[in-house]
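Open the model in your viewer and keep the selection panel at hand. The stops below go from one pair of residues out to a whole chain.

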Amino acid sequence: MPERAAKFTVNAPPHELWKFLRDLEALCACIPGVERIRLVDPRTAELTVKEKIGVVPLIVNLTARIDSEDPPRRLHATASAEHLTMAIDVTLEASGSATELHSLFNVKGEGPLKPVVDRLFERRATERTAQFAGALERRFGARASEPPPRENWLARLWRCVQRFFSAPSPPSS
Amino acid sequence: MTYDFVVIGAGHNGLACAAYLAKTGAKVLVVERAARVGGACHTEEATLPGFKHNLCSVVHTHIPLSPVYRDLELERHGVKYVYPDYLRGTIFPDHKSIVMYRETERMAAELSRYSARDAKTFRQLVADYGEFIDSTYLPLMYSPPLPPSLQAAELEKSEEGRALMQWQASTPVQLLNELFESEEVKVHFLSRMTVLGFAPDEFGQGWICLFRILQAEAPICVGGSQQLAHGLRSVFEKQGGVVRTGVEVKRILVRSNRAGGVELAEGTRVGATKAVVTNVEPKKSFLRLVGQEHLPASFVTRVKNYHSHGRSLFVLHLALSEPPQYRAAAQNAPVNVAFSQEMFGGSVEDQVRAYQEIAIGRAPRNEMLQITLPTLFDRSQAPAGKHTAVVWQYAPYALLEGWGKAREEYAQHLLGLWRSYAPNMTRDKVLAMKIQDPTDTERLNDNLVNGVDVVGDMTPDQMGYFRPFAGWSSYRTPVEGLYMCGGYCHPGGGVHAGAGHNAATVIVEDFKLKRWWD
């Protein structure tokens, strides 16, 4: 299952960045390839994403839903489409007057197009993450940092253990 | 004797499938009628001691980049590849030439010697479709074929996708005429199709043509093609798999629509508690080994209609005292050291006509020649300073007058044609020659029916979702516990182990085995 972790320092305090993340229309305007967005409810949006492979566009209709959140620190969302499911984890950490944004995208291609979806995500994820960071920089004057190296299984396990023992917060309604 | 799985046929697809299954912990037996493993990966000293000739497969285009190479760690099992610096050299009757390069700009510069517009078109094709081919072609080779409806549904969403669909429906000649103006450029790219057995005027081949324009790798297996089979066997046996060669399967045991094992020609029965997997071409697998009485009538009809009528190859295996020096090299030096030299006449019409002649049982008198000297890149395949060459000429399987009397004369005719391009290839430079006419190819490996080296025609009605039959492209069959894994399945003939890999994926899923690979 392809995944990508990234870290940005955004020139805004956590609560301001959180407000932005929870404004799905504003957020999606910063995500490369999003062509259309329709808000279903405050936690759910339908998106049309166009990812060009050379000259040929792959058009994906996604439903994104925030599954759980711990304002203004952590958010977990799931986006699903006909050929893929994407799990998104976002964590915000105050860093002086700025905020460090940690994101982890985990994509699972499904059905007959799985090999194409997985390969495309592997090829494009880093570039698209950098574009997203650029969009945040334009909006907040953020300083984008290099995505961290991909974690090995031990590091992932350690992170899961840490999460398990951290106090879970109920999702806000 | 009882195993979890019995695989019939130790060609590279059978061995790859068996290796994937064995690594799940299953108990697997591979039975092979021949004394050797490898099927079309067949290297032997066919002329003189020390001269290794590849009797069928010469190049393994996709293997080094495939999941099979990575998953099975074939490099650790002695399977290594070398890459020629220059990919192909198309030589025209006037001794001009086009060399194929990996790098877009070098390739465009080469084409610009014939047409600046064609060079620009090539650059644009790489920009527009290069990544699309990279992102889709290889992944889709190593997974079961897409239903046509799904493929169409994705493409028809955009104008560019719809244009691609129309190209897909066209013939290679139509596509090349639309894209390029120079006859030489068209001949060069068309040969990339016909050399694989795709007819130049067959509708529904445009997509393949586009791929062949943009992709042309030529990895050569060090030590000869057979090394791939040895590596696969090594992986398999290391996991506890058993290979039995020189053992013929008489029939597949079917009871209550379930395959339960095989009966060998010697009379022994071998049980398969989970499944039997056949790497044998469809007519022999289903009409002979299974028997029509165990199959639905509609399936039997599909099997009977599976066809292998395309062009086959008349092959010369030569032991040479020196490599050929082409006249064309005077103006384009890399021609001499490209992976292959291809002489397919001076016009698109020449290739179309050759295919028409072959269809009526005539061997083309004009050159439809591809020459490869593996020893230019892998010195281990011949004694020091000497070379092997494989000469391919497009030819019919069923020659009107029969190959018996014609083969010697035709071989000499081809050597004469070759000499007109490479004058140093005089008789004294040919130390020994083995002629392999299309009937010999079938005798060497009867999966290659009618000498068709891709295990059944690669025509639109027998590709992708329709290979081998509509509704049966998932490697499963109407008999429970019987699976297909040969080149007659998607993604087709050629040495890439795609069918073996994909069949293993489906079997592992069906039997809920541990899928140990990514």
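**Stop 1: a pair across the interface**

Select B:Glu131 and A:Arg123: the two form a salt bridge, with 3.4 Å between the closest N and O atoms. The model is predicted, so side-chain atom pairs count only at pLDDT 80 or more. Three salt bridges are found across the interface of chain A and chain B. Polar contacts between the two chains number six residue pairs, both residues at pLDDT 80 or more.

**Stop 2: the chain A side**

Now select the elements of chain A that give two or more residues to the side touching chain B: strand 3 (44-53), strand 4 (56-70) and helix 3 (114-140). Helix 3 of chain A has the largest share, six residues. By type, this side of chain A divides into twelve nonpolar, five charged and two polar residues.

**Stop 3: the whole contact**

Widen the selection to both partners: 19 residues of chain A and 23 residues of chain B take part in the contact. About 1,800 Å² is buried between chain A and chain B, and carbon and sulfur atoms give 63% of that area. Pick out A:Val55, A:Val56 and A:Arg119, which supply 27% of what chain A buries against chain B, more than any other three residues.

**Stop 4: chain A alone**

Hide chain B and colour chain A by secondary structure: there are four helices and eight strands. From the N terminus the order is β-α-α-β-β-β-β-β-β-α-β-α. Of the 173 residues in chain A, 43% are buried. Among its contacts between residues at least 6 apart in sequence, 51% join residues at least 24 apart.

Definitions and conventions. Residues numbered from 1 in each chain as written. Chains lettered and ligands numbered in written order. Predicted model: local features only at pLDDT ≥ 70, side-chain atom pairs only at ≥ 80, totals over all residues. Heavy atoms only, no water. Contact = heavy atoms within 4.5 Å. Buried area = accessible area lost by both parts, 1.4 Å probe. Salt bridge = Lys/Arg side-chain N within 4 Å of Asp/Glu carboxyl O. Polar contact = N/O pair within 3.5 Å; in protein donor to acceptor, adjacent residues only side chain to side chain. Nonpolar A, V, L, I, M, F, W, Y, C, P; charged D, E, K, R; others polar. Buried < 20%, exposed > 50% of the residue type's maximum accessible area, 1.4 Å probe, protein only.
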